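Welcome, and please load the model in your viewer. We will go from selection to selection, with a short note on what to look for at each stop.

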Amino acid sequence: LEIHWMLRDGAVNYLLTHTSVLRAIAFYSPWRIEQQLYKLDVGWPKHPEYFTGQTFCVAIDPFHDLVYVAQRGANVPKVLVFSDEGYFLHAWNSTLEMPHGIFAVSTPTNTSIWITDVGTGEYGHTVKQYSPSGKLIQVLGTQGKAGAGLNPLQFDQPAEIFVEQTGEIYIVDGDGGMNNRLFKLSTDFKEIWLRGENGSGVGQFKIPHSVTVDSVGRVWVADRGNKRIQVFDKVTGEWLGSWSSCFVEDGPSSVRLTANEEYLIVAQLNINRVTVLAAPPIGSIGDCHVVNTIQLADEVKPHLVDVNVKTGAIYVAEIGAQQVQKYVPLT
């Protein structure tokens, strides 16, 4: 075996002439951690029989140690509420048709639950705000009518929402509908900026499916159909970069940050995988680096995830297995 050593930018690159070794080394990454970072909490929830529909999404309220799960199906409660320990607490089924994404905005004194509804009936094509007990507070969009309008605001199958502690809102609108766009809305629900259209170019989307915001002002979007993550400046909406090399097999369906923002947690639905990526520090987005993976069973289909910022636990909503699973950090 002939091995050549080459130093460049402080990294060691191995140039190997043996084909089998080349294939083997392709899986090597200096970022990868071989030991598992998370383990399945097999005791969560205590009573999984309460999952009676397709579990599309999950949201964590870390201030009150609550887990909200939204599911679909005929004659099933649309929202289930569990304790962080896994005990079922209660359910509600109010003005929801086909929940897709869910987000809990929580402070020590106030909590609200935001849900995107992609149904085509009288409640669909909307983003709704609820109290923790299921009382409807606010509806964004025109109920029962798909559209692309801005005044009044309209959606077509809005995929997910992220709400900052300031109350500013980010929505990815386009789970297969006419719209492929990213909104930022003010606390009074006025448009601050709008990015995107259908396509594969810079700032364009093909099924923008999930959105999250980090503490240094970057908006991360899972551009599922284009098999990439795109990143934008949260103040201006300026495009900052994109990652695609980690998504050759399957596009990202969900994106969240760990509590310390060291990693991005990404679900890949079609290959039944949760992938842990290195989150870049302030500055250049750089390249995508896989740190660790959680390989799930066939047909589990992880759809959307959330992270408990207090405990570090990952919750995975699985539409194939019709359940939510909890993974706890090992360190």
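Start by selecting I169: leaving aside neighbours within four places in sequence, I169 is in contact (heavy atoms within 4.5 Å) with W114, I161, F162, V163, F183, K184, L185 and F189. I169 sits in strand 13, residues 169-173; strands here are DSSP runs of E with at least two residues, numbered from the N terminus. At 1% relative accessibility, I169 counts as buried, where buried means under 20% relative accessible area, exposed over 50% and partly exposed in between, using a 1.4 Å probe and protein chains only. Now add F183 to the selection: 14 residues along the chain from I169, with 7.8 Å between the two C-alpha atoms.

**Before going further**

This is a predicted model, in which local features need pLDDT of at least 70, side-chain atom pairs count only at pLDDT 80 or more, and totals for chains, interfaces and linings use all residues. Residues are numbered from 1 along each chain as its sequence is written, and side-chain values use heavy atoms, with hydrogens and water left out.

Colour the chain by pLDDT, the predictor's confidence in each residue from 0 to 100. The protein chain averages 90, and 91% of the residues score at least 70. Then select residues 1-28: pLDDT stays under 50 there, and the model has 25 contacts beyond four places in sequence for this stretch.

**The aromatic cluster**

Next, select W44, Y50, F51, F82, F88 and Y315, which form one aromatic cluster. A pair of aromatic rings is described by the distance of the centres and the angle of the planes. Rings of Phe, Tyr and Trp (its six-membered ring) pair if their centres lie within 6.5 Å; planes under 30 degrees apart count as stacked, over 60 as edge-to-face and the rest as tilted. By this rule the count comes to twelve aromatic pairs.

Zoom in on W44 and Y315: their ring centres are 5.3 Å apart and their planes meet at 75°, so this pair is edge-to-face. The two rings come from distant parts of the chain, 271 residues apart, with W44 in the loop between strand 3 (38-40) and strand 4 (54-61) and Y315 in strand 25 (residues 314-318). Are these two rings buried or exposed? W44 counts as buried at 5% relative accessibility, and Y315 is buried as well, at 0%.

Shift to F82 and F88, where the centres are 5.7 Å apart and the planes lie at 70°, so this pair is edge-to-face. F82 counts as buried at 0% relative accessibility, whereas F88 counts as partly exposed at 23%.

**Charges over rings**

Show K46 with Y87, then R72 with F56. A charge sits over a ring if NZ of Lys or CZ of Arg is within 6 Å of the ring centre and within 35 degrees of the ring normal. K46 lies over the face of Y87 at 5.5 Å from the ring centre, and R72 lies over the face of F56 at 3.5 Å.

**Backbone stops**

Go back to W44 and display its backbone: a cis peptide bond joins W44 to P45, with omega about -10°. P45 lies in the loop between strand 3 and strand 4. Another cis peptide bond joins N151 and P152, with omega about 5°; P152 lies in the loop between strand 11 (136-140) and strand 12 (158-163).

While you are in that loop, pick Q157. Phi of Q157 is near 60°, a positive value in a residue other than glycine. Then jump to H125, in the loop between strand 9 (111-117) and strand 10 (126-130). H125 also has a positive phi, about 60°, although it is not a glycine, and H125 counts as buried at 5% relative accessibility.

**The disulfide**

How many disulfides does the structure hold? There is one disulfide, a disulfide being a pair of cysteine sulfur atoms within 2.5 Å. Select C246 and C288, which the disulfide joins with an S to S distance of 2.0 Å. The link is left-handed, with -120° about the S-S bond. C246 is in the loop between strand 19 (239-243) and strand 20 (254-257), and C288 is in the loop between strand 22 (273-278) and strand 23 (290-295), 42 residues apart. C246 counts as buried at 16% relative accessibility, as does C288 at 9%.

Terms used:
Helices (H or I, at least four residues) and strands (E, at least two) are DSSP runs, numbered from the N terminus.
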